[in-house]
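Here is a chain with its metal ions, shown as a model. The questions below ask what earns each structural label.

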Amino acid sequence: MELVNLTRRTEIGSNSYWLKIGGKNLILDAGLHPKLEGRAAAPDFSLVPEASVDAIILTHAHQDHVGALPLLTRREPQARVFMTAPTARVADVMLHNSVNVMLRQREDDGITDYPLFTHRGVEFSSRAWHTRPLRKRFNLTGDPSESDQEVTFELYAAGHILGSAGVMIRYRGRSVFYTGDVNFEPQTLMRGAEFPEEAVDVLIMETTRGDAPVPIGFSRANEEDRLARSIRRAFDAGGSVTIPVFALGKTQELLAMLWKMRLNGLLAPVPIYIGGLSTKVTGLYDATAAESVRNHPELLLLQEMAPYVLSGNEIQTISPKKKCIFALSSGMMTEHTLSNIVCRRILGNANQSLFFVGYSDPASPAGKIRCAAMGSEVSLEEGTPPITLRCHIEEFQFSAHASRDTLRNYALLLKPQKVVLVHGDMPAIDWFQLALFKELPGTEVIIPEPGRVVPL
Ligand SMILES: [Zn+2]
Ligand SMILES: [Zn+2]
């Protein structure tokens, strides 16, 4: 067995790993780097011989795992792409949206590489997609198989977002488990991961939250109460609340939290504004509610919460009203996005509130605000004047990624011969390396250098 990290850097960025097992070439995920532009954002697929890939496994439909899939399937049209049924529905929406964003960026920012693929490219790619249920073994052709003499796959619920799955790959008594993005604790909508507990030879593991422990006394229930209190306080102060969120995952978790708050009498019904992509994805959460691995399968978010959908044109003229919630993407307030535009209107107003509920890259507009001192000047978009920071800001922890302790415990349970650490910035990877070195002394810990062949 061999593994090649196809991403270009060791950090939270794009995800794509080439696994050679039983003479077959498999690619795990095909993401785009959210912070890089043009071709540099894609994994280095040129390392893989053209038309040689047997199968591609997609763990979930976040951009950093699915964004480069049409580029890969164009090079490897013979490869079957396996994923869960909800992931296929969400991936289709996300990739078509990505084409629209790239076309706009070509126009606005002059990035001539864009679009990296077209709507037709997405359609072409999707012809190779095959959906498979959780916990059913299948082979390279997608047929059910329990045979030990061929490479088989089995998907397990990962508790991260709708459709997310880890994958077990088995061949002649050897096994590799790739976590993808995972969360072991239940969120408001998603149930915790239901991962295999058998011993494996190789564990390929995400490390997103390795850089920080869970604060002492933290619980998601307390955090939800704190959010409800803070929203009420913001309304009492005569303002609105803006919450930048990712369109896929965080928007739906937030809507479910607001629904629970209403149900428990913690929040009166107020207008909630979301964007067009978030609305499409929320519709898919609703459409798959009955058959997906989640809490509150009866909850249809669009029907219950009736969020108001903000179009790109309306956002130009809307002025923040009292007692309403803007749950807008992007989560990091990237330039030209709905959350960036609304934030520019509220940032200088002491009556308004801005709440952060997830991770922001320090270099992103959201990251800049989180680091800035009250009263300092912040610039959210090139070419626009800086704004004096006056609005009320609070931070909450509703991560969709496993805490470092739960991930370490999972590695201890599986006792793999080798652990491959991926999807983390260097401080996060360092923590896992040290923790596993101490607690699993017989296990080899591997940080796969981009482009290098790692024997497994
Ligand atoms: Zn993810
Ligand atoms: Zn990810």
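Q: What makes β5 and strand β6 (residues 129–131) a pair, and in which sense do they run?
A: This is a predicted model. β5 and β6 share three bridges, in the parallel sense. Pairing requires at least two bridges, so the two strands qualify. In β6, H130 is the bridge partner of F82.

Q: How do you know that β4 also pairs with strand β5 (residues 80–83)?
A: The test is again at least two bridges. β4 and β5 have three bridges, so they pair, and the sense is parallel. Here F82 in β5 stands opposite I57.

Q: Which atoms count as protein donors of the zinc ion (ligand 1), and how do you know that they do?
A: They are H60 (NE2), H62 (ND1), H160 (NE2) and D181 (OD). The cut-off for a donor is 2.8 Å. These atoms lie 2.2 to 2.3 Å from the ion, so they count. Along the sequence their residues are spaced H-x1-H-x97-H-x20-D.

Q: Why is the arrangement around the zinc ion (ligand 1) called irregular?
A: Tetrahedral would need all angles between 85 and 135 degrees. The four donor atoms subtend angles of 90 to 165°, so the upper end breaks that range, and the arrangement is irregular. For reference, the ideal angle for four tetrahedral donors is 109.5 degrees.

Q: Which residues coordinate the zinc ion (ligand 2), and through which atoms?
A: D64 (OD), H65 (NE2), D181 (OD) and H423 (NE2) do, at 2.2 to 2.3 Å. That is within the 2.8 Å cut-off, so they are donors. Their spacing along the chain is D-H-x115-D-x241-H.

Q: What makes the arrangement around the zinc ion (ligand 2) irregular?
A: The angles between its four donor atoms run from 89 to 162°. The tetrahedral limit is 135 degrees, so the label is irregular.

Q: What connects the zinc ion (ligand 1) with the zinc ion (ligand 2)?
A: D181 coordinates both, and the ions are 3.5 Å apart. H60 and D181 link distant parts of the chain, 121 residues apart. H60 sits in the loop between β4 (55–57) and α1 (63–66). D181 sits in the loop between β10 (174–178) and β11 (202–206). D181 and H423 are 242 residues apart, with H423 in the loop between β20 (418–422) and α13 (426–439).

Q: Why are α5 and α6 called roughly perpendicular?
A: Helix α5 (residues 220–236) and helix α6 (residues 250–263) pack at about 75°. The label covers 65 to 115 degrees, so α5 and α6 are roughly perpendicular. Their axes are 11 Å apart.

Q: Which residues of α5 and α6 meet?
A: R220, E224, L227, A228 and I231 in α5 meet E253, L254, M257, L258, K260 and M261 in α6. Seven of the contact residues are nonpolar and four are charged, with no polar ones.

Q: What makes β14 (308–310) and β19 (392–395) edge strands?
A: Each pairs on one side only. The open sheet has six strands in the order β14-β13-β15-β12-β16-β19, with parallel pairing. Its twist averages 25° from one strand to the next.

Q: How do you know that strand β12 (residues 241–244) pairs with strand β16 (residues 353–356)?
A: Two bridges join them, which meets the minimum of two, so they pair. They run parallel. T242 has L354 in β16 as its bridge partner.

Q: Which strands does helix α7 (residues 276–287) lie across?
A: Helix α7 lies across β13 (272–275) and β14, at about 95° to β13.

Technical notes
Residues numbered from 1 in each chain as written. Chains lettered and ligands numbered in written order. Predicted model: local features only at pLDDT ≥ 70, side-chain atom pairs only at ≥ 80, totals over all residues. Heavy atoms only, no water. Axes fitted to C-alpha atoms, helices over the stretch in contact; angles between N-to-C directions. Helix = DSSP H or I, 4+ residues; strand = E, 2+ residues; numbered from the N terminus. Parallel < 35°, antiparallel > 145°, perpendicular 65-115°, else oblique. Contact = heavy atoms within 4.5 Å. Nonpolar A, V, L, I, M, F, W, Y, C, P; charged D, E, K, R; others polar. Donors = N, O, S within 2.8 Å, 3.2 Å for Na, K, Ca; no water. Tetrahedral: all angles 85-135°; square planar, octahedral: opposite > 155°, others 65-115°.
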